[in-house]
Amino acid sequence: MNTMIHRRHLLLASLALGAAPSDYAQSAPQVPGPFDLKLMILGRRRPGTSMVEHRQHIRNVHGEMVLRYIATDPQNAPRRYVQNAVFDGQYRSSAPGSDPFALNRDFVTQIWFPDFGALGRSLQTPFYLQNLKGDEDNFVDQSTVVPLTVREREVVAQRAPLAGACKLFFCIQRAPDADPEAFRAAWQQGAAALQAWPVAAKLRRYVQNDAMAKPGTTAPLDGIDEFWLDDEAAARSLWTQWQTWVRDTLVAKGLATASGHFGLLATEAVLYAGQG
C-alpha cells in the first residue's frame, strides 16, 4: 500500500476526516472527554534543513503558534499538545517509495481532542488556515509524514513524575490475515511479561495506542506502545527486550508482521498539559 501523504495534508489527517466516526472499528465514547481522541503525527524534518534548524522551528516558531491558538480559541484548539524529539530509532526494510517508515523519523507530535468532530473543526478555523497550515511546510517533509488517529489505553499508571523521562515508542503492524481482536488481546498480555523484567522498576508509565483505520483499508501501523522510563539506558534495555517479546510472541503466532515493527527513542516536551 502506498502510504505517502500529500504535502498539504499533514494535519488534515484523512484517516480521521474522510468519514463519520461510526465508520471506524472503535466507536467513540457516548460522552467524550477532552482527551478521548489523540492524533499522532510521525514525521521527518523538511529536506535541506539541519536537525538544529528543525528543532528550533518546531518548538520556538510552530509550537508558539499552537500555544497562541490554544490561548485565543480554546474551544477549537487542541486540548493537549506534546512534542517528542526523536534522537534514535529504527526504520523498516521495505522500499522507501512505498513505505514512509522505510525512512527514519525525526519527531512525533501528539495532539488531543474530544472526538473527530472537534478535530475536524480545529483544522478549518481561520487561525489554523491562516497561521499553522502554511507553516507546516517550513519544518516538515510533507511527502513522508504519517498522521494516525489513535485511542490510548493506560496499561501502567503513572508511578513517578514524567518530566525528564526518556521515552520509547514501539510501533507494531498487525499481520494482514490476523484477527484484530486477537492481535489486541495478545498485545495487551505483554504488560504482564514486562512487569517481571528488572527494567520494570524504572518504568514510570506505559500507554498502548490503538490505531484507527476505516474498514477495508490498511493502516501503516496498528499499535504504538508508549513507555516513559527513568533514563536512556533503561529505555534502550526495554527496547531490546520488548522487540524480542514482539518477535517471539506476536510475530511467532502470526499476529504481527516480521518486518513491521520498529522503535523510536525521544525526549518529551509537554507544551500544553490541558485541563481535564
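**A closed barrel and the helices around it**

Good morning. I begin with helix H4, where Pro126 and Gln130 are exposed. Please keep in mind throughout that the model before us is a predicted one.

Which residues of helix H4, residues 126–135, are buried? They are Phe127, Tyr128, Leu132 and Asp135. Viewed along the axis of H4, these buried residues fall within an arc of 100°, so they line one face of the helix. Pro126 and Gln130 are on the other side. As for what the buried face meets, the buried residues of H4 pack against H2 and against helix H3, residues 116–122.

Let me now step back to the whole chain. The chain contains 7 helices and 8 strands. Of its 276 residues, 52% count as buried. Consider also the contacts between residues at least 6 apart in sequence: 85% of them join residues at least 24 apart.

How are the strands arranged? They form a closed barrel of 8 strands, in the order E1-E3-E2-E8-E5-E7-E6-E4, and the pairing is antiparallel. On average, neighbouring strands of this sheet are turned by 30° against each other, if direction is ignored.

I would like to take strand E2, residues 80–89, as an example. With strand E8, residues 262–272, E2 pairs in the antiparallel sense over 8 bridges. In that pairing, Tyr81 stands opposite Tyr272 of E8. With E3, strand E2 also pairs in the antiparallel sense, here over 6 bridges, and Asn84 stands opposite Val108 of E3. Why is E2 described as largely enclosed by the rest of the structure? The reason is that 7 of its 10 residues are buried.

Two helices lie across strands of the barrel. Helix H2, residues 51–72, lies across E2, E3 and E8, and runs at about 165° to E2. Helix H5, residues 180–188, lies across E4, E5, E6 and E7, and runs at about 175° to E6.

I turn next to the aromatic side chains. In describing a pair of aromatic rings, one gives the distance of the centres and the angle of the planes. The model has 9 aromatic pairs. One of them joins Phe227 and Trp242: their centres are 5.5 Å apart, the angle between the planes is 75°, and the pair is edge-to-face. This pair links distant parts of the chain, since Phe227 belongs to strand E7 and Trp242 to helix H7, residues 232–251, with their positions 15 residues apart. Phe227 is buried, at a relative accessible area of 0%; Trp242 is likewise buried, at 0%.

Trp242 has a second partner, Trp245. Here the ring centres are 4.8 Å apart and the planes stand at 20°, so this pair is stacked. How far apart in helix H7 are Trp242 and Trp245? They are 3 residues apart, which means a separation of about one helical turn. As a general rule, an α-helix has 3.6 residues a turn, so residues three or four places apart point the same way. Trp245 has a relative accessibility of 12% and therefore counts as buried, the limit being under 20%. Taken together, ring pairs link Trp197, Tyr206, Phe227, Trp242 and Trp245 into a cluster.

Rings also meet charged groups. Arg80 lies over the face of Trp112, 4.9 Å from the ring centre. In the case of Arg153, the charged end sits over the ring of Trp187, 5.4 Å from its centre.

My last residue is His261. Where in the chain does His261 lie? It lies in the loop between H7 and E8. Is His261 buried or exposed? His261 is buried, with a relative accessible area of 15%. If we set aside its neighbours within four places in sequence, His261 is in contact with Arg92, Phe170, Cys171, Ile172, Gln243, Val246 and Val251.

To close, I return to the main feature, the closed barrel of 8 strands, with H2 lying across E2, E3 and E8, and H5 across E4, E5, E6 and E7. Thank you for your attention.

Note on methods: Residues are numbered from 1 along each chain as its sequence is written. This is a predicted model: local features need pLDDT of at least 70, side-chain atom pairs count only at pLDDT 80 or more; totals for chains, interfaces and linings use all residues. Side-chain values use heavy atoms; hydrogens and water are left out. Two strands pair if DSSP finds at least two bridges between them. Helices (H or I, at least four residues) and strands (E, at least two) are DSSP runs, numbered from the N terminus. Axes are lines fitted to C-alpha atoms, for helices over the stretch in contact, and angles run from 0 to 180 degrees between N-to-C directions. Contact means heavy atoms within 4.5 Å. Rings of Phe, Tyr and Trp (its six-membered ring) pair if their centres lie within 6.5 Å; planes under 30 degrees apart count as stacked, over 60 as edge-to-face and the rest as tilted. Buried means under 20% relative accessible area, exposed over 50%, partly exposed in between (1.4 Å probe, protein chains only). A charge sits over a ring if NZ of Lys or CZ of Arg is within 6 Å of the ring centre and within 35 degrees of the ring normal. The arc is that of the directions from the helix axis to the C-beta atoms.
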